[in-house]
Amino acid sequence: MDDQPNIGLAVPFFMVRDMEASLDFYINKLGFKITNQWTPRGKIEWCWLQRDAVALMLQEPRDKDKFDQQGPKGTGISTCFQCRDALALYHEFTAKGVAIEDPFVGNNMWVVCFADPDGYKLDFESPTDVEEETTYSDWIKQQG
């Protein structure tokens, strides 16, 4: 009998309104790379993006009106990326123009939280021993 786990990876799959805008965001601002793509009509309609050990998939629907009628995307769902240093990513992403509210400590983790162009919530988190509910700006002030 094979002792290998049957399930090995969960990959978020986001339907996006504008593939070019989403690719600009994920590649140029968050540092992901395209590792697979589907281009049935000469442009990317689906792709697999990867950075380090994580991946996500994007697909642009052909019926934009139906997509728009479905309302806000990602309501109530967050994709949480477990990181070694979420604050380093905060600095990397904000330097590239990503609007991010003040990171905070929740559940013993620094939480760097923001939404992509379609409203999907992305949380980059890393372990910390800083007191719960501390904001990054307050923590920096305390470091003096």
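# Briefing: aromatic pairs, helix α1 and buried residues

The count of aromatic pairs in this chain comes to 13. One of them joins F25 and Y26 in an edge-to-face arrangement, with 5.2 Å from centre to centre and 90 degrees between the planes. The structure is a predicted model. The chain holds 4 helices and 8 strands, and 38% of its 144 residues count as buried. The points below proceed from the overall fold to helix α1, the aromatic residues, E45 and the cysteines.

**Overall fold**

- Along the sequence, the elements follow the pattern β-α-β-β-β-α-β-α-β-β-β-α.
- The C-alpha trace of the chain spans about 55 × 50 × 25 Å along its principal axes.
- Among contacts with a separation of 6 or more, 57% join residues that are 24 or more positions apart.

**Helix α1 and its surroundings**

- Helix α1 comprises residues 19–29, and its buried residues are M19, S22, L23, F25 and Y26. These residues lie on the same side of α1, because they cover an arc of only 160 degrees around the axis.
- In an α-helix there are 3.6 residues a turn, so residues three or four places apart point the same way.
- The cover over the buried residues of α1 includes strands from several parts of the sequence: β1 (13–15), β2 (33–38), β3 (46–51), β4 (54–59), β7 (109–115) and β8 (121–127).
- At the N-terminal end, α1 is capped by D18, which has a side-chain oxygen 3.1 Å from the backbone nitrogen of E20.
- Just after α1, G31 adopts a positive phi of about 80 degrees.

**F25 as a contact point of α1**

- F25 is found in helix α1 and counts as buried, because its relative accessibility is 8%, below the 20% limit for that class.
- Leaving aside neighbours within four places in sequence, the contacts of F25 are L30, V98, F114, A115, D116, P117 and L122.
- One of these contacts, P117, is 92 residues from F25 along the chain, yet the C-alpha atoms of the two residues are separated by 7.5 Å.

**Aromatic residues**

- A pair of aromatic rings is described by the distance of the centres and the angle of the planes.
- Y26, the partner of F25 in the pair described above, counts as buried because its relative accessibility is 1%.
- F93 and F124 also form an edge-to-face pair, with 5.2 Å from centre to centre and 70 degrees between the planes. F93 lies in helix α3 (residues 86–95) and F124 in strand β8, so this pair ties together parts that are 31 residues apart in sequence.
- Both partners of that pair count as buried: F93 has a relative accessibility of 0%, and F124 has a relative accessibility of 5%.
- F25, Y26, F93 and F124 belong to one aromatic cluster that also includes F32, F81 and F114.
- At F67, the ring interacts with a charged side chain in its geometry: K73 lies over the face of F67, at 4.1 Å from the ring centre.

**E45, a buried acidic residue in a loop**

- E45 is located in the loop between β2 and β3.
- E45 is buried, because its relative accessible area is 6%.
- A polar contact of 3.4 Å joins the side chain of E45 to the side chain of R41.
- Not counting residues up to four places away in sequence, E45 touches M19, W38, P40, L58, Q59, E60 and R62. M19 in this set is also one of the buried residues of α1.

**Cysteines**

- The count of disulfides comes to 0.
- C80 is in no disulfide, and its nearest cysteine sulfur is that of C113, 8.2 Å away. A disulfide would require the two sulfur atoms to lie within 2.5 Å.
- C80 is partly exposed, with a relative accessible area of 40%.
- C83 is likewise in no disulfide, and its nearest cysteine sulfur, that of C80, is 9.9 Å away.
- C83 is buried, since its relative accessible area is 18%, which falls under the 20% limit.

Note on methods:
Residues numbered from 1 in each chain as written. Heavy atoms only, no water. Buried < 20%, exposed > 50% of the residue type's maximum accessible area, 1.4 Å probe, protein only. Helix = DSSP H or I, 4+ residues; strand = E, 2+ residues; numbered from the N terminus. Arc of directions from axis to C-beta. Contact = heavy atoms within 4.5 Å. Polar contact = N/O pair within 3.5 Å; in protein donor to acceptor, adjacent residues only side chain to side chain. Phe/Tyr/Trp six-rings, centres within 6.5 Å; stacked < 30°, edge-to-face > 60°. Lys NZ or Arg CZ within 6 Å of the ring centre and 35° of its normal.
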